[in-house]
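Visitor: I have a structure on my screen and no idea how to read it. Can you walk me through it?

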Amino acid sequence: VTPKDFFKKFEAEYNSFWTAERKAKEQQLGLSRDQIYALASLVYKETGGKPDEMETVAGLYLNRYRKGMKLQSDPTVIYAVSKANNFQGEPLRRVFFKHLREPSPYNTYLVNGLPPGPICMPSQTSLDAVINSEEHDFLFFCAKPGYDGSHSFAKNFQAHSQNANEYRKWLDKEKIK
């Protein structure tokens, strides 16, 4: 395939994705398409590409964004640290407090709002999850103990702290550094 043919195909797929229905939902969200792509990349990374929690995670990030809260997305920290290291070496397996201070416009622990662009190529499923996000009151989440990649969601910081402590204990028990 020539580069020209590749980009034609890419553009055709992009245009076919943004149907009238999706465009209407995009308008309802009040986000630009670039912001939707950036948010969908966080949703994709946060859920490991598994669709069962994508709409919940998207709704949570939108809740935080609309309240003016920092998104505090660990995948953005991992991306910022990796970018600072020129994407060399082992990727982070565990985010520590020292990583949260990595200066980067992508680090949503330091910077309010959405990152300036996607941190990965979001899937169609994660894009749909953003434009079809769940409406709920969740503001916090963290991974659940175990290897299935699921999350514990919370409406307040106290419940979130309990969930996060359980997860940290599990990480320590598993010797994940």
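Guide: We will go from the whole chain down to single residues. Keep in mind that this is a predicted model.

Visitor: Which elements does the protein chain have, and in what order do they run?

Guide: Start by counting helices and strands. The protein chain has seven helices and two strands. From the N terminus on, the order is α-α-α-α-α-α-β-β-α.

Visitor: How does the radius of gyration compare with that of a compact globule?

Guide: Set the chain against a rule for its length. For 177 residues, a compact globule would have a radius of gyration near 16 Å. The protein chain has 17 Å, which agrees. You can also look at its extent. The C-alpha trace spans about 50 × 40 × 30 Å along its principal axes.

Visitor: What share of the residues is buried?

Guide: Buried means under 20% relative accessible area. By that cut-off, 41% of the 177 residues count as buried. As for the outside, the chain exposes about 10,600 Å². Carbon and sulfur atoms supply 51% of that area.

Visitor: Among contacts between residues at least 6 apart in sequence, what share joins residues at least 24 apart?

Guide: In the protein chain, that share is 60%.

Visitor: Now a single helix. Why is helix H6 called largely enclosed?

Guide: Check its residues one by one. Helix H6 covers residues 124–131, and six of its eight residues are buried, so the rest of the structure largely encloses it. The buried ones are Ser126, Leu127, Asp128, Ala129, Val130 and Ile131. Then ask what lies over them. The cover includes H1, helix H2 (20–29), helix H3 (33–47) and helix H4 (54–67).

Visitor: How many residues are in the largest nonpolar core?

Guide: It has 26 residues. Those with the most contacts inside it are Leu29, Leu31, Ile36, Leu39, Val43, Tyr61 and Val130. H3, H4 and H6 each give two or more residues to this core.

Visitor: What does Tyr61 touch?

Guide: Leave out residues up to four places away in sequence. Tyr61 then touches Leu39, Leu42, Val43, Glu46, Leu71, Ser73 and Phe141.

Visitor: Back to the surface. Which residues make the nonpolar surface patch?

Guide: Val1, Phe6, Phe7, Phe10 and Met121 make a patch of about 640 Å². Take Phe6 as one of them. Phe6 sits in helix H1, residues 3–17. Its relative accessible area is 46%, so it is partly exposed.

Visitor: And charged side chains? How many salt bridges are there?

Guide: Look for a Lys or Arg nitrogen within 4 Å of an Asp or Glu carboxyl oxygen. The count here comes to six salt bridges.

Visitor: Where do Lys25 and Glu21 lie?

Guide: First, the general idea. An α-helix has 3.6 residues a turn, so residues three or four places apart point the same way. Now the case. Lys25 and Glu21 both lie in helix H2, four residues apart, about one turn of the helix. Their side chains meet in a salt bridge at 3.4 Å, N to O. Lys25 is partly exposed at 22% relative accessible area. Glu21 is exposed at 54%.

Visitor: Is Glu26, the partner of Arg33, buried or exposed?

Guide: Glu26 is buried, with a relative accessible area of 7%. In its salt bridge with Arg33, the closest N and O atoms are 2.9 Å apart.

Visitor: How far apart are N and O in the bridge between Glu174 and Lys173?

Guide: They are 3.9 Å apart. Glu174 is partly exposed at 29% relative accessibility, while Lys173 is exposed at 60%.

Visitor: Last topic, backbone angles. What is phi of Gln72, and what is phi of Phe87?

Guide: Start with the rule. Most residues other than glycine have a negative phi. Now the two cases. Phi of Gln72 is near 50°, a positive value. Gln72 lies in the loop between H4 and helix H5 (74–84), and it is partly exposed at 33% relative accessibility. Phi of Phe87 is near 55°, also a positive value. Phe87 lies in the loop between H5 and H6. At 52% relative accessibility, Phe87 counts as exposed.

Terms used: Residues are numbered from 1 along each chain as its sequence is written. This is a predicted model: local features need pLDDT of at least 70, side-chain atom pairs count only at pLDDT 80 or more; totals for chains, interfaces and linings use all residues. Side-chain values use heavy atoms; hydrogens and water are left out. Patches are made of residues with over 30% relative accessible area and no salt bridge: like charges are joined within 9 Å, nonpolar side chains (Val, Leu, Ile, Met, Phe, Trp, Tyr) within 5 Å. Accessible areas come from the Shrake-Rupley method with a 1.4 Å probe; for residues, only the protein chains shown count as cover. Buried means under 20% relative accessible area, exposed over 50%, partly exposed in between (1.4 Å probe, protein chains only). Contact means heavy atoms within 4.5 Å. A nonpolar core is a set of buried Ala, Val, Leu, Ile, Met, Phe, Trp, Tyr and Cys residues joined through side-chain atoms within 4.5 Å. The radius of gyration is taken over C-alpha atoms; the globule rule is 2.2 Å times the number of residues to the power 0.38.
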